Amino acid sequence: MVEICILEYVVDSILTYSKSMHPREAILLLKGKMDILDMHILGTVHSHPSGALVPSLTDLNMLYGGLMIICSYPYSGMDCMKAYDAKGREIPLRICKSV
Ligand SMILES: [Zn+2]
């Protein structure tokens, strides 16, 4: 099964940035690695000030990379974040200690 492993400080940074941009939408590039490949841009993270945790059709059509993480209001923790692939299928997201 594919899953996204994200460092806790990255989660905190995404939540803090999203809060600071509210009610405007925040967007960030997501850099990481797949298996043992070098670090590169995997996709994007963006906020949904509305609180919706599902990708819109525009999100799916404008996807950069193969991964999208949505961070929604009230930006209080992992309950406010979900990851999706290019077809809008949810990918399990968990916090890890190291990559
Ligand atoms: Zn969106």
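Start with the whole chain in view: the protein has 99 residues, for which a compact globule would have a radius of gyration near 13 Å, and because the protein has 13 Å, the two agree; this radius is taken over C-alpha atoms, and the globule rule is 2.2 Å times the number of residues to the power 0.38. Along the principal axes, the C-alpha atoms fill a box of roughly 40 × 30 × 20 Å.

Please keep in mind that this is a predicted model, in which local features need pLDDT of at least 70 and side-chain atom pairs count only at pLDDT 80 or more, while totals for chains, interfaces and linings use all residues. Residues are numbered from 1 along each chain as its sequence is written.

Next, colour by secondary structure, where two helices and seven strands appear, in the order β-α-β-β-α-β-β-β-β from the N terminus on. Helices (H or I, at least four residues) and strands (E, at least two) are DSSP runs, numbered from the N terminus.

Now select I69 and C71, which touch the most other members of the largest nonpolar core, a group of 15 residues. β1 (4–7), β4 and β5 each supply at least two residues of this core, and β4 gives the most, with five residues. Such a core is a set of buried Ala, Val, Leu, Ile, Met, Phe, Trp, Tyr and Cys residues joined through C-beta atoms within 7 Å. In soluble globular proteins, nonpolar side chains tend to be buried together.

Staying on I69, display L30, V45, M81 and A83, which I69 touches when residues up to four places away in sequence are not counted; contact here requires C-beta atoms, placed from the backbone, to lie within 7 Å. Among contacts in the protein between residues at least 6 apart in sequence, 45% join residues at least 24 apart.

Move then to the loop between α1 (8–21) and β2 (27–32), where P23 is found, and look at the cis peptide bond that joins H22 and P23, with omega about 10°.

A cis peptide bond also joins Y73 and P74, with omega about 15°, and P74 is found in the loop between β4 (67–72) and β5 (81–85). Select Y75, found in the loop between β4 and β5, which has a positive phi of about 55° although it is not a glycine. Y75 counts as buried because it has 22 C-beta neighbours inside 10 Å; the cut-offs are 20 or more other C-beta atoms within 10 Å for buried, 12 or fewer for exposed, and partly exposed in between, with C-beta atoms placed from the backbone. Buried residues make up 23% of the 99 residues in the protein.

Technical notes
Two residues are in contact if their C-beta atoms, placed from the backbone, lie within 7 Å.
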